[in-house]
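Trainee: I would like to go through this structure with you, one question at a time. Where do we begin?

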Amino acid sequence: MAESESHVDKEIRSAVSSCEAYFEKVQSRKNLPKSLQDTLNSAFAGIPVSSFPQVPGGRVIEIPAETSVSEAVKILSDSKILSAPVVNKDHETSLDWKERYLGIIDYSSIILWVLESAELAAIALSATSATAAGVGAGAVGALGVAALGVTGPVAAAGLAAAAVGAAVAGGVAADRGVGKDAATAADNLGKDFYQVILQEEPFRSTTVGTILKSFRYAPFLPVSTESSMLSVLLLLSKYRLRNVPVIKPGEPDIKNYITQSAVVHGLEGCKGRDWFDHISALPISDLGLPFMSPNEVISIDSEELILEAFKRMRDNNIGGLPVVEGPNKKVVGNISMRDIRYLLLQPEVFSNFRHLNVRSFAAKIATAGEEYGLSSPAITCRPDSTLGSVINSLASRSVHRVYVADGDENELYGVITLRDVISCFVSEPPNYFENCLGFSVKEVLNR
């Protein structure tokens, strides 16, 4: 037990240390006069969270923990949102938010699960028969992962073999032949590979609750309606949260759901106020933007596999990548985690995703209509652009990042994210969270 706790503590220290390093770099480079920064902090500290505009429709979309992964993707896509709180039905009436909500499900968590499941299925398919895979047809049946207690990739591996073995024996791929290795097996299945992942057991019974246990990606850290917007801005910038749920004391259901995107939209609406006009008129270089050097920006070449793009986002805990071409890394497009919805909702695309390159994937989305719209070409700015123009691009185009391109060839120079923009407006007063937040960051990371 002590060893497990030590690992958790190490993970927490690493996460917090990364946040501290990022924010120290921001503060050292943005060069705002201390008097202006103090004025901004005081202003944000005086704005209650309850005054922030409600989510569209006035109701926060929640997803029950027992919802299947495929249904969760449909809910997110139909609602045009990237994430949603997950409700624990066993404690739905609890007054304690820690019991009522299990966490937040988003496309990032889903892609982690898809990549893991696809690999497990492919490995299982490399067996020469259902018996070699581990079981006969129907052995897993309707039990599913929840009933069998699967909580992680290691536990799922055996069931993946069983599920695919049963599918093969049951005729899903009986006339396709089974390859001698995982990749060949997956290729032989074609569209049936998609069917195995989302429609056969145990994958069909995989719930968002199970994913949250296996892939902790989006922390659930609520603030009170009585908290200040300074707390929210710091959580969304320094502490890297993409969204912050708002809960009224004594009423644990979520009253609002504040995202990075919503905050930047709010900043865009501050045009005409002296403090905003002053900061937004500054060239991004005066604020130290972009905060990453060109060689630190994670990108993907248009000829690389879309599978590699999603893996790269997963491994680096980022939501999108610039698509580049040539030795000078000319920016030609953008791939984001939200694009996983197109992959999962289109069987003919999913069945070939192990061989589909980024260029072809982007072209398919671009011709699929606004429902799956990809921001292609990527939204870019120049090194001498003003912060105001960047904010306008982020808000008006509803994107999460603007790429800084330089020269006649649109060479990748950097990236400016929603987080970066918010960080330009706030700094953290000494011991702020210990004194003001009311919820423990460590407790949430520990979950």
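Mentor: We begin with I211, which lies in helix 11 (residues 208–214). Keep in mind that this is a predicted model.

Trainee: Is I211 buried or exposed?

Mentor: The cut-off for buried is a relative accessible area under 20%. I211 has 2% relative accessibility, so it counts as buried.

Trainee: Which residues outside its sequence neighbourhood is I211 in contact with?

Mentor: Neighbours within four places in sequence are left aside here. I110 is 101 residues away from I211 along the chain, yet their C-alpha atoms are separated by 7.5 Å. The contacts of I211 are V69, I105, S109, W113 and T206.

Trainee: How many of the contacts in the chain, as a percentage, join residues at least 24 apart?

Mentor: The chain has 447 residues, and buried residues make up 51% of them. It contains 22 helices and 12 strands. Among contacts between residues at least 6 apart in sequence, the share joining residues at least 24 apart is 70%.

Trainee: Which strands stand at the edges of the sheet with the order 1-2-3?

Mentor: This is an open sheet of three strands with mixed pairing. An edge strand has a single partner strand, so one side of it is left without a neighbour in the sheet. That applies to strand 1 (63–64) and strand 3 (101–106).

Trainee: What is the bridge partner of P64 in strand 2?

Mentor: Strands of a sheet pair through backbone hydrogen bonds, either parallel or antiparallel. Strand 1 and strand 2 (residues 83–87) take the parallel sense, over two bridges. In strand 2, the partner of P64 is V87.

Trainee: Which strands are the edge strands of the sheet with the order 4-5-6?

Mentor: That sheet is also described as open, with three strands and mixed pairing. Its edge strands each pair on one side only. They are strand 4 (223–224) and strand 6 (251–259).

Trainee: In strand 5, what is the bridge partner of V223?

Mentor: Strand 4 and strand 5 run parallel and are joined by two bridges. Strand 5 covers residues 243–248. The partner of V223 there is V246.

Trainee: Is V246 buried or exposed?

Mentor: The test is again a relative accessible area under 20%. V246 has 2%, so it is buried.

Trainee: Which residues is V246 in contact with, leaving aside its neighbours within four places in sequence?

Mentor: P222 is 24 residues from V246 in sequence, and the two are 5.4 Å apart in space, C-alpha to C-alpha. V223, the bridge partner of V246, is among the contacts. The full list is V49, V223, S224, T225, D253, I254, K255, N256 and I258.

Trainee: How many residues of strand 9 are buried?

Mentor: Strand 9 (residues 330–336) is mostly covered. Of its seven residues, the number buried is five.

Trainee: Which residue in the hairpin of strand 8 and strand 9 takes a positive phi?

Mentor: Strand 8 (residues 320–325) pairs with strand 9 in the antiparallel sense over six bridges. One bridge joins V324 to V331. Four residues lie between the strands, and the residue with a positive phi, near 80°, is G326.

Trainee: How is helix 2 oriented relative to helix 12?

Mentor: Two packed helices are described by the angle between their axes and the distance between the axes. For helix 2 (residues 34–45) and helix 12 (residues 229–236), the axes come within 6 Å and cross at roughly 115°. Angles of 65 to 115 degrees count as roughly perpendicular, and that makes helix 2, relative to helix 12, roughly perpendicular.

Trainee: Which residues make the contact between helix 2 and helix 12?

Mentor: By class, the contact has five nonpolar, one polar and no charged residues. Helix 2 supplies N41, F44 and A45, and helix 12 supplies M229, L230 and L233.

Trainee: What is the handedness of the crossing of helix 13 and helix 19?

Mentor: Helix 13 (residues 260–268) and helix 19 (residues 387–397) pack with their axes 9 Å apart, at an angle of about 125°. That makes helix 13 oblique to helix 19. The crossing is left-handed.

Trainee: Which residues of helix 19 meet helix 13?

Mentor: On the side of helix 13, the residues are V264, H265 and E268. By class, the contact has four nonpolar, two polar and one charged residues. The residues of helix 19 are I391, N392, L394 and A395.

Technical notes. Residues are numbered from 1 along each chain as its sequence is written. This is a predicted model: local features need pLDDT of at least 70, side-chain atom pairs count only at pLDDT 80 or more; totals for chains, interfaces and linings use all residues. Side-chain values use heavy atoms; hydrogens and water are left out. Buried means under 20% relative accessible area, exposed over 50%, partly exposed in between (1.4 Å probe, protein chains only). Contact means heavy atoms within 4.5 Å. Axes are lines fitted to C-alpha atoms, for helices over the stretch in contact, and angles run from 0 to 180 degrees between N-to-C directions. Angles under 35 degrees count as roughly parallel, over 145 as roughly antiparallel, 65 to 115 as roughly perpendicular and the rest as oblique. A crossing is left-handed if the near helix is turned anticlockwise from the far one by less than a right angle, and right-handed if clockwise. Ala, Val, Leu, Ile, Met, Phe, Trp, Tyr, Cys and Pro count as nonpolar, Asp, Glu, Lys and Arg as charged, and the others, Gly among them, as polar. Two strands pair if DSSP finds at least two bridges between them.
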